[in-house]
Amino acid sequence: MSDRRRINGPVGATIPPVSEDGASREVAGSRGGRSRPPNAIRKMYLKTGVTPSASGSAYLEIETSGRSGVSGLKLSCTVHGPRSLPRSSPFSPHIILSTHVKYAPFATRQRRGYLRDPSERDLGTHLEAALRGAIIADRWPKSGVDIIVSIIEGDQDRETSKTQGDESWDLMNALSGCITVASAALADAGIDCVDTVAGGVAALVSDKGDASPSIVIDPIPSEHDRILAACCIAYLPTRDEVTNLWFKGDLPASDTELYTKLVEKGIQASAKANRVLVECLGETVG
Amino acid sequence: MASTQHVLLSPAELAYLHAALSLTPPIRPDGRAPAQFRPLVAETGILPGTNGSARICFADGTEAIVGVKAEVERTRLVDGATAGTEWKEGGSARGEGEDDDGGDKAGDSDWVELTVEIPGYRDDDAGTAFLAAMLSEALLADGAFAKRLWINRRFHWKLYLDVLLISPPLSYPLPLLSLTTHLALLATRLPRLKSEGDEDPFFDDDWAAARHLFPRSSSSTTKESARPPVTLLVMAVGNNIIFDPAKEELAVADVALAVSVAEDTTAAATTAATMDLDDAAAPAARSLRLLSIRTIDPPSRLTPPGVPNAANSAYGATTAQKQPEARTAEAEAVEGVWRAPRGGAKPLVMAALVQKVLEKGGVADEILDALDAVDLG
């Protein structure tokens with residue numbers, strides 16, 4: 001028996017019409033293009049000590065790409081601890097790190113739920129690997145620290161109505177931001193590290209105009225036609241060590257030089273982000 | 001989980017293991033060569049209710065089962081597409097390279113769902129999510145896999161891969177799960193399509209006529225002689241590179257990487273053209289593609305440090321009691337006393353690890369050859 005009291009919508013799903021005016025089509029067609037030189041990262045704003053109740057905190061904002069409708073990355077990180085572990089937990093000779101990365105429900109084009117989804121858990125694991133190499137863990141036996149990164153605004157182009165497969169690449173940009181902001185927050189909390197770790201991304205992109213693919217650092221997926229491969233690196237500059245390496249893409253194995261170059265550029269991007277980080281921490285101290 | 005699970009080894013044992021593995025050539029606890037895998041037993045087609053299944057049992061007793069199930073799903077149309085535009089799921093990542101053949105044959109990474117189940121761990125555990133992300137990332141990296149699931153412009157196959165570890169995780173299960181997934185996908189068959197064009201799909205009900213998702217050694221479809229990727233676990237101790245580490249070996253690793261590689265389809269096409277229907281000779285000219293690399297957080301960072309005799313009060317050291325700050329001060333590294341590694345790995349070491357995986361006639365080649373020999377039923 002169907003419901004006759006209310007006026008119901010059609011049974012099947014319908015798709016609302018989307019009108020595409022000429023201007024937006026043109027923008028989507030040309031897709032902007034990169035305005036920076038290939039080895040320049042976007043400007044970033046970093047500030048520590050933004051959350052008074054946490055023992056350490058930091059806020060990171062990365063510049064938008066200059067086009068309207070494209071949002072930059074906005075991250076906030078809080079560090080709680082080091083604090084003693086509960087009595088019930090087993091003895092640990094090292095500090096126990098727990099990292100949480102969460103997109104705000106409104107951060108991306110598609111709404112995210114309040115529960116962490118697998119990709120966010122995955123980012124948390126990457127972040128933990130990156131930070132664990134930097135922290136001098138044996139100075140705090142029997143203690144734990146919580147590192148919580150919330151992504152307030154994802155790095156996404158809202159103008160383009162079409163999905164372009166950017167999201168999997170966006171994760172890399174988000175991770176590099178997470179590493180940098182978490183490192184600043186750890187320093188703010190006064191947790192000893194061997195060095196400040198910062199994240200950097202490099203990508204192998206191919207654009208319509210160019211014949212051969214080129215390597216750029218800090219890529220914005222919507223500015224390029226295709227991203228062939230990308231890598232995100234967490235790097236300790238004074239020790240010249242990599243704590244986390246995440247590479248994704250499709251490269252012929254015969255050409256390892258391409259891969260080596262990509263990693264080199266990733267390290268370069270990370271070193272640039274590290275300069276901002278060190279300057280910000282210097283301001284706080286001075 | 002898993003990579004950081006608790007290792008019940010004393011600092012003295014860890015120091016011994018580390019020293020043994022740093023020798024040239026390294027001496028592994030189970031007597032293997034540095035690039036030797038654990039012996040394994042593999043079979044396919046063990047689950048009659050699935051489209052494809054496989055079981056692999058490693059010699060150390062870890063065992064995994066993978067079942068692949070396929071469902072027909074309607075491809076959702078978004079963005080008010082007009083004639084000739086794409087059909088796709090909203091807001092999902094696309095496989096790239098969709099313009100390669102015919103233009104309209106596009107895949108979507110939403111068409112594959114991979115879950116990993118490890119006994120003793122919650123399924124929303126971060127480590128389990130990491131494993132699942134790693135396996136599906138390698139599978140979808142080249143964008144060609146999702147394209148295989150395309151039926152017509154209105155329908156596609158949705159593939160569910162369920163990866164089950166049925167033994168307790170005695171070692172980091174990544175290589176095991178990856179090899180089992182690889183075999184299960186090789187054995188996967190989908191019913192033959194009888195309908196044509198964009199009409200509702202209608203399939204041949206004869207299972208014997210079903211085609212493989214990854215067709216093998218057919219000279220007519222050389223383009224499709226691809227195989228799913230494999231993910232290898234490789235670690236470095238001192239100057240040595242060690243493949244497929246057991247749990248104890250991973251506990252003293254300086255750095256551990258998971259590297260996913262696949263066979264290069266374009267190169268395979270040229271070899272298949274010269275020697276048709278000869279699958280034994282094809283691997284000779286195999287070339288690989290690098291799909292993904294992830295750093296695995298080595299459990300060595302969580303191991304307890306040893307106390308050198310100079311600082312041990314049982315051996316007459318008195319400094320520890322008198323000056324409490326001396327205890328916390330960084331002691332010099334003493335030969336033979338275990339200390340958890342600190343910091344990361346040199347970029348050159350990481351590059352060497354990747355190079356070792358990718359080299360011609362290396363471990364990746366050996367693994368792919370060995371998996372070739374498994375009867376797909």
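This report walks through a predicted model with chains A and B, going from the interface to the inside of each chain.

## Where the two chains meet

A good place to start is the boundary between the chains. Here 51 residues of chain A are in contact with 49 residues of chain B. On the chain A side, the elements that give two or more residues are α2 (118-132), α3 (167-189), β8 (226-236), β9 (241-252) and α4 (256-285). Of these, β9(A) gives the most, with twelve residues. Sorted by class, the chain A side has 20 nonpolar, 16 polar and 15 charged residues.

Strand β9(A) also takes part in pairing across the boundary: together with strand β11 (residues 288-296) of chain B it forms an antiparallel pair over five bridges. To find this spot in the structure, look for A:W246, which stands opposite B:R294 in β11(B).

Two helices meet across the boundary as well. The axes of α2(A) and helix α2 (residues 126-140) of chain B come within 8 Å and cross at roughly 105°. That crossing makes α2(A) roughly perpendicular to α2(B). From α2(A), the contact is made by A:P118, A:S119, A:R121, A:D122, A:G124 and A:T125, and from α2(B) by B:A126, B:G127, B:A129, B:F130, B:A132 and B:A133. By class, the residues of this contact divide into six nonpolar, four polar and two charged.

## Strand pairs at a glance

The table lists antiparallel strand pairs, including the one that joins the two chains.

| Strand pair | Bridges | Sense |
|---|---|---|
| β9(A) and β11(B) | five bridges | antiparallel |
| β1(A) and β2(A) | five bridges | antiparallel |
| β8(B) and β10(B) | seven bridges | antiparallel |
| β10(B) and β11(B) | eight bridges | antiparallel |

## Inside chain A: a sheet and its helices

Chain A has an open sheet of five strands, in the order β1-β2-β3-β5-β4, with mixed pairing. At the edges stand β1 (44-48) and β4 (96-103); each has a single partner strand, so one side of each is left without a neighbour in the sheet. From one strand to the next, the twist averages 15°. The partner of β1(A) in an antiparallel pair is strand β2 (residues 56-62) of chain A. Within that pair, A:L46 has A:L60 in β2(A) as its bridge partner.

Helix α3(A) lies across β1, β2, β3 (74-84), β4 and β5 (143-153) of chain A, and runs at about 145° to β2(A). This helix also packs with α4(A), at an angle of about 25° and with the axes 11 Å apart. The two helices are therefore roughly parallel to each other. In passing α4(A), α3(A) makes a right-handed crossing. Which residues bring them together? On α3(A) they are A:T180, A:S183, A:A184 and A:A187, which meet A:A273, A:L277, A:C280 and A:L281 in α4(A). By class, this contact has six nonpolar, two polar and no charged residues.

One residue in this part of chain A deserves a closer look: A:D155, found in the loop between β5 and α3. Is A:D155 buried or exposed? It has 26 C-beta neighbours inside 10 Å, and a residue with 20 or more counts as buried, so A:D155 is buried. Leaving aside residues up to four places away in sequence, A:D155 touches A:I62, A:S71, A:G72, A:L73, A:D170, A:N173 and A:A174. The C-alpha atoms of A:D155 and A:S222 are separated by 9.9 Å, although these residues are 67 residues apart along the chain.

## Inside chain B: a covered strand

Chain B contains ten helices and eleven strands. Of its 377 residues, 42% are buried. Among its contacts with a separation of 6 or more, 69% come from residues 24 or more positions apart.

Strand β10 (residues 255-263) of chain B is mostly covered, with nine of its nine residues buried. In a regular strand the side chains alternate between the two faces of the sheet. In β10(B), both faces are covered: B:V255, B:L257, B:V259, B:V261 and B:E263 are buried on one side, and B:A256, B:A258, B:S260 and B:A262 on the other.

Strand β10(B) is joined to strand β8 (residues 230-237) of chain B by seven bridges, with B:V259 as the bridge partner of B:L232. It also pairs with β11(B) over eight bridges, where B:S260 has B:S292 as its bridge partner.

Technical notes:
Residues are numbered from 1 along each chain as its sequence is written. Chains are lettered from A and ligands numbered from 1 in the order in which they are written. This is a predicted model: local features need pLDDT of at least 70, side-chain atom pairs count only at pLDDT 80 or more; totals for chains, interfaces and linings use all residues. Two residues are in contact if their C-beta atoms, placed from the backbone, lie within 7 Å. Helices (H or I, at least four residues) and strands (E, at least two) are DSSP runs, numbered from the N terminus. Ala, Val, Leu, Ile, Met, Phe, Trp, Tyr, Cys and Pro count as nonpolar, Asp, Glu, Lys and Arg as charged, and the others, Gly among them, as polar. Two strands pair if DSSP finds at least two bridges between them. A residue is buried if 20 or more other C-beta atoms lie within 10 Å of its own, exposed if 12 or fewer, and partly exposed in between; C-beta atoms are placed from the backbone. Axes are lines fitted to C-alpha atoms, for helices over the stretch in contact, and angles run from 0 to 180 degrees between N-to-C directions. Angles under 35 degrees count as roughly parallel, over 145 as roughly antiparallel, 65 to 115 as roughly perpendicular and the rest as oblique. A crossing is left-handed if the near helix is turned anticlockwise from the far one by less than a right angle, and right-handed if clockwise.
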